[in-house]
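Reader: I have not looked at this one before. Can you take me through it?

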Amino acid sequence: MADLLIKPEHGAAGTLSESRKKKLERNRVLATQKNTAIAELKKRNRETREALKIRTLQYEEEYQTEQENALALRRESRAEGGFYKEPDAQLIFAIRIKGINKLAPKPRKVLQLFRLLQIHNGVFIKVNKATTEMLKLIAPFVTYGYPSLKTVRELIYKRGYGKVNKHRIPLQDNQIISEALGKYGIHGVEDLVHEIYTVGPHFKEANNFLWPFKLNSPRGGFVAKRHGFTEPRGGDWGNRELLINSLLTKMI
């Protein structure tokens, strides 16, 4: 009975049956389409990598030019006996340093809006009037300042995680960034660093893609969380401007 269920693949003269021919032809077409798709994907990825390399070099030139211009203006001001006013900061990095005990509803809500849900969480914040006023409400619970390019790059490279389908995914491949932010022209880590550091037109999308940074306790500990950084006796909470970079070096 089992022999009756087996269909012969060859005809009477030893030729392939029609069904077998159709199956082989279908497999050949599918294999051709697969190889073509793989070749196109490799070509597209190669072009994306080359474009990213070129943009990275352009970013480095932009950063170098900015530093040289600032240095020239400082020297010119010093030579004329004046003072050089540094440009206003456009980017803030805030770190939560206190827990939830004795936390009023309004500061609690502001911390939620900034995504500072745990101690030692850190986020990038764009400087404007709204965020400045919100930071005043939560000043006793956070410390913040103006990160340098080196700090932004180290944070994203060493502590960067992306939000993909509401999951925390490590940024181990530029493809992860390209799939999430490619429509905004961000295809790699250096694109992401540039968009964050320069507070570009798609800063909101890039910042929302980044999961809040989970930092370590600073080496050597804090000075006094109950007191402000600018108090005479010294403390931790509040605005420490450029000195946030030295603190982040201990926490990354």
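**Helix α3 and onwards**

Author: This is a predicted model. In helix α3, residues 105-113, the buried residues are Pro-107, Val-110 and Leu-111.

Reader: Where do the buried residues of α3 fall, seen down the axis?

Author: They fall within an arc of 100°, so they line one face of the helix.

Reader: Which residues are exposed on the other side of α3?

Author: Pro-105, Lys-106 and Leu-113 are exposed there.

Reader: And what covers the buried residues of α3?

Author: The cover includes β1, α4 (129-137) and β3 (142-145).

Reader: What follows α3?

Author: Arg-115 follows α3, and its phi is positive, near 65°. Most residues other than glycine have a negative phi.

Reader: Which residue has a positive phi of about 55°?

Author: Lys-102, which is not a glycine. Lys-102 sits in the loop between β1 and α3.

Reader: Is Lys-102 buried or exposed?

Author: Lys-102 is exposed, because its relative accessible area is 84%, and the cut-off for exposed is over 50%.

Reader: What about phi of Glu-241?

Author: Phi of Glu-241 is near 50°, again a positive value in a residue other than glycine. Glu-241 belongs to the loop between β7 and α9. With 45% relative accessibility, Glu-241 counts as partly exposed.

Reader: Change of topic. How many residues does the largest nonpolar core have?

Author: The largest nonpolar core has 33 residues. Those with the most contacts inside it are Phe-124, Ile-156, Leu-192 and Ile-196.

Reader: Which elements each supply at least two residues of this core?

Author: Among them are α2 (18-79), β1 (91-96), α5 (149-159) and α6 (174-181). The others are α7 (189-197), α8 (203-209) and α9 (244-251).

Reader: Why would nonpolar side chains be buried together?

Author: As a general tendency, that is what nonpolar side chains do in soluble globular proteins.

Reader: What does Phe-124 touch?

Author: Not counting residues up to four places away in sequence, Phe-124 touches Leu-91, Ile-92 and Phe-93, then Pro-147, Val-152 and Leu-155. The list goes on with Ile-196, Phe-203, Asn-207, Leu-210 and Phe-213.

Reader: What lies apart from the largest core?

Author: Another core, of 14 residues, lies apart from it. Leu-103, Val-110, Leu-116 and Val-142 are among its residues. Val-110 is also one of the buried residues of α3.

Reader: Now α9. Which residues are buried in it?

Author: In α9 the buried residues are Ile-244, Asn-245, Leu-247, Leu-248 and Met-251. Down the axis of α9 these fall within an arc of 160°, so they line one face of the helix. Their cover includes β1, β3 and α5.

Reader: What is Met-251 in contact with?

Author: Leaving aside neighbours within four places in sequence, Met-251 is in contact with Ile-95, His-120, Arg-159, Leu-215, Asn-216, Ser-217, Pro-218 and Phe-222. Met-251 is buried, with a relative accessible area of 0%.

Reader: Where is Leu-215 found?

Author: Leu-215 is in the loop between β6 (213-214) and β7 (238-239). Leu-215 counts as buried because its relative accessible area is 8%, and the cut-off for buried is under 20%.

Reader: What is Leu-215 in contact with?

Author: With its neighbours within four places in sequence left aside, the contacts of Leu-215 are Phe-93, Ile-95, His-120, Leu-155, Arg-159, Leu-248 and Met-251.

Reader: How far apart are Leu-215 and Thr-32?

Author: Leu-215 and Thr-32 are 183 residues apart in sequence and 49 Å apart in space, C-alpha to C-alpha.

Reader: Next, pockets. What volume does the largest pocket have?

Author: Its volume is about 940 Å³. The lining has 23 residues, and the closest to the centre are Glu-66, Glu-86, Pro-87, Ala-89 and Tyr-197.

Reader: Where does the largest share of the lining come from?

Author: From α2, which gives 6 residues. By class, the lining has 12 nonpolar, 5 polar and 6 charged residues.

Reader: Last one. Is Ser-77 buried or exposed?

Author: Ser-77 is buried, with a relative accessible area of 15%. Ser-77 lies in helix α2. Apart from neighbours within four places in sequence, Ser-77 is in contact with Gly-82, Phe-83 and Tyr-84.

Conventions. Residues numbered from 1 in each chain as written. Predicted model: local features only at pLDDT ≥ 70, side-chain atom pairs only at ≥ 80, totals over all residues. Heavy atoms only, no water. Core = buried A, V, L, I, M, F, W, Y, C linked by side-chain atoms within 4.5 Å. Buried < 20%, exposed > 50% of the residue type's maximum accessible area, 1.4 Å probe, protein only. Helix = DSSP H or I, 4+ residues; strand = E, 2+ residues; numbered from the N terminus. Contact = heavy atoms within 4.5 Å. Arc of directions from axis to C-beta. 1 Å grid on protein atoms, 1.4 Å probe; cavity = no way out; pocket = protein on both sides within 12 Å on 5 of 7 lines; lining within 4 Å. Points joined across faces, edges and corners; volume = space filled by probe spheres on them. Nonpolar A, V, L, I, M, F, W, Y, C, P; charged D, E, K, R; others polar.
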